[in-house]
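Welcome! Take a moment to look over the sequence and turn the 3D structure around before you read on.

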Amino acid sequence: MKDTLLLTLALYLAFPLFVAGAPSREVPNIVFLLTDDQCTYSVGCYGNEDVKTPHMDSLAREGIAFDNHYDTTAICMASRANIMTGKFEFRNGCNFEHGALVEEHWQASYPMMLRRAGYLTAIAGKIGFVVADKPGGKGVLPEEDFDKWGAGPGQTHYETRKNRSMAAYAGKYPHSSRSYGAFGADFIAESAKAGTPFCLSISFKAPHKPATPDPLDDDVYAGKKFRKPTNYGRKAGAHFSRQSRQGRQFERFHGWNYSDNYDEVMAIYHQQVHAVDVAIGMILQALEQHGVADNTVVIFTSDNGFLCGSHGYGSKVLPYEESARVPLIIHDPRHRNSGKNLRSAALTGNVDMAPTIMDLAGVRQPPGMDGKSLMPLYDEPSGKIHDALPLINVWGPEKVHSLGVVTQDKKYIYWPYAGEGFEATEELYHLGKDPAEMENLAPRKGYRNLLDEMRTIYDGFVHQWQEEAVPYHNYLPFGVLFDRGISWKDKQAAFQAKGEKRRGRRKQ
């Protein structure tokens, strides 16, 4: 079976342009813009009148904004691997504390597929992962796999001069956000001159901590008072699981000053987003200037959201709305529906990015992707492509490990940890009626049918994990951990056995 799958993948990689029913029109250029830690309420077109994001808002007016877009793992390294490969974390095996992205998955990523199809490719910013030739390998940055490289290792830096691949831009653009706009504009100019289709990927560091806004934007939110979300504060999180309070996200409500200095903290956060918006404007201007705007699709999203005080939490990772749901905007100027200020309530996920980009480029999608192209929703915004998606966290303290499932209007979360006086916990939210997640319906009478329905969906993803998880980087034991039908004692034994196996290998 494995040999057959590898052979199938090899054939796809060898003939990436052989697409049944490929569009006859000219293939578009593609610009993929990714921010880091950006929640939906940092963008004007998602309903926040306190912020200034004119270019993001313009993209939404001209294209389509997605209102139920989720990062299936809400932490940067794994989310970026999900985006590149179109696969859930347990199927690509990449995250902090687990391992690098293995070469076989990288070879089927959207940058590699498009480059083989004849696209010029470029990336700048925080790529967020490394590529290893085999499981457990150290991994390296895939610098040689792009025609133009402006990315860097780890978290990268807000000071442009500290980013080796971007140092040439440091004099004019000392802050990284605008430097990435300049990089993008230069690549667009070079590609337009060459007359070759291009795929530009910009991975902004902003608005990731440590908060480092561009001084050029100091006046944008000076003295601004920001409205707090309806679910702000510790009282609004009292119904959350005890497990969810064991990670750093709970402490950071106070540690990052959401509790006592909200306006200043949010002014800095939104200022960083504003600088990204300026950089997007630089890129859009370059598309117009070099005559390629009418044939360039622009996609904008974030690798995860951020809990800026909602429910009394800070940061990301947790499967709650502010952390897992993020903005997504697509503008395809060639499409008949563009210019109509479209919105879609369909359930979509970060794993849909690679299939969408390949669909746009006319490149056949490799086998085994979990994501689907979003372009049918551009055709028909009221349609749907997913019934449900998983929300995964297998990073950080074991108490905080969780698996959830989300549909278009409902969410179920299972917290398996049951040691040290904890009990496995379920949470159930009707997002259609309670988008702020203020009422956990799981323990309430009258919701048993809905709970059973969501449990069934959840169990389906657990089964997929058990059947399809990569057999490395410690993902298999989580198929046991998330199984609702297995005792805590047996779950502990599964992880202990895995640990003994690893220790045995090291002794050899």
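The report below walks through helices, salt bridges, cavities and a few special spots in the chain.

## Before we start

This is a predicted model, in which local features need pLDDT of at least 70 and side-chain atom pairs count only at pLDDT 80 or more, while totals for chains, interfaces and linings use all residues. Residues are numbered from 1 along each chain as its sequence is written, and side-chain values use heavy atoms, with hydrogens and water left out.

## Two helices to find

Helices (H or I, at least four residues) and strands (E, at least two) are DSSP runs, numbered from the N terminus. Start with helix α13, residues 448–468. The expected span of a helix is 1.5 Å times one less than its number of residues. For the 21 residues of α13 that gives 30 Å, and the end C-alpha atoms are indeed 30 Å apart. Helix α7 (residues 176–194) passes the check too: its 19 residues should span 27 Å, in agreement with the 27 Å between its end C-alpha atoms. Just after α7 comes Gly195, with a positive phi near 70 degrees.

Which residues of α13 are buried? Here, buried means under 20% relative accessible area, exposed over 50%, and partly exposed in between (1.4 Å probe, protein chains only). The buried residues are Leu450, Leu451, Met454, Arg455, Tyr458, Phe461, Val462, Gln464 and Trp465. Their cover includes α4 (89–92), β11 (389–393), β12 (402–406), β13 (410–415), β14 (425–430) and α14 (476–481).

## Salt bridges

A salt bridge is a side-chain nitrogen of Lys or Arg within 4 Å of a carboxyl oxygen of Asp or Glu. How many does the structure hold? There are 29 salt bridges. One of them joins Glu426 and Arg455, at 2.7 Å from N to O. Glu426 sits in strand β14 and Arg455 in helix α13, so this pair ties together parts that are 29 residues apart in sequence. Both Glu426 and Arg455 are buried.

Another pair is Glu143 with Arg164, whose closest N and O atoms are 3.4 Å apart. Glu143 is in the loop between β5 (131–132) and β6 (148–152), while Arg164 is in the loop between β6 and α7, 21 residues apart. Glu143 counts as partly exposed because its relative accessibility is 29%, and Arg164 counts as exposed because its value is 64%. You can also look for a network of salt bridges that links Asp36, Arg80, Lys126 and Asp303.

## Empty spaces inside

Rolling a probe the size of a water molecule over the atoms shows where empty space is left. On a 1 Å grid over the protein atoms alone, a cavity is a set of points where a 1.4 Å probe fits but cannot get out, and lining residues have an atom within 4 Å of a point. Grid points are joined across faces, edges and corners, and a volume is the space filled by probe spheres set on the points. A search of the whole structure finds 2 cavities of 30 Å³ or more.

The largest cavity has a volume of about 60 Å³. Its lining includes Phe32, Arg80, Tyr110 and Ser203. Helix α3 (76–85) supplies the largest share of this lining, 3 residues. The lining divides into 8 nonpolar, 2 polar and 1 charged residues; Ala, Val, Leu, Ile, Met, Phe, Trp, Tyr, Cys and Pro count as nonpolar, Asp, Glu, Lys and Arg as charged, and the others, Gly among them, as polar. The second largest cavity holds about 40 Å³ of space, and β11 gives the most to its lining, with 3 residues.

## Unusual spots in the backbone

Most residues other than glycine have a negative phi, and most peptide bonds are trans. Now look at the bond between Ala206 and Pro207: this peptide bond is cis, with omega about -5 degrees. The bond from Lys209 to Pro210 is cis as well, with omega near 0 degrees. Pro207 is in the loop between β7 and α8 (248–255), and Pro210 is in the loop between β7 and α8.

Glu97 has a positive phi near 70 degrees and lies in the loop between α4 and β3 (101–102). Glu420 also has a positive phi, near 50 degrees, and its place is in the loop between β13 and β14. Glu97 is exposed, with a relative accessible area of 57%, and Glu420 is exposed at 59%.

Terms used. Contact = heavy atoms within 4.5 Å. 1 Å grid on protein atoms, 1.4 Å probe; cavity = no way out; pocket = protein on both sides within 12 Å on 5 of 7 lines; lining within 4 Å.
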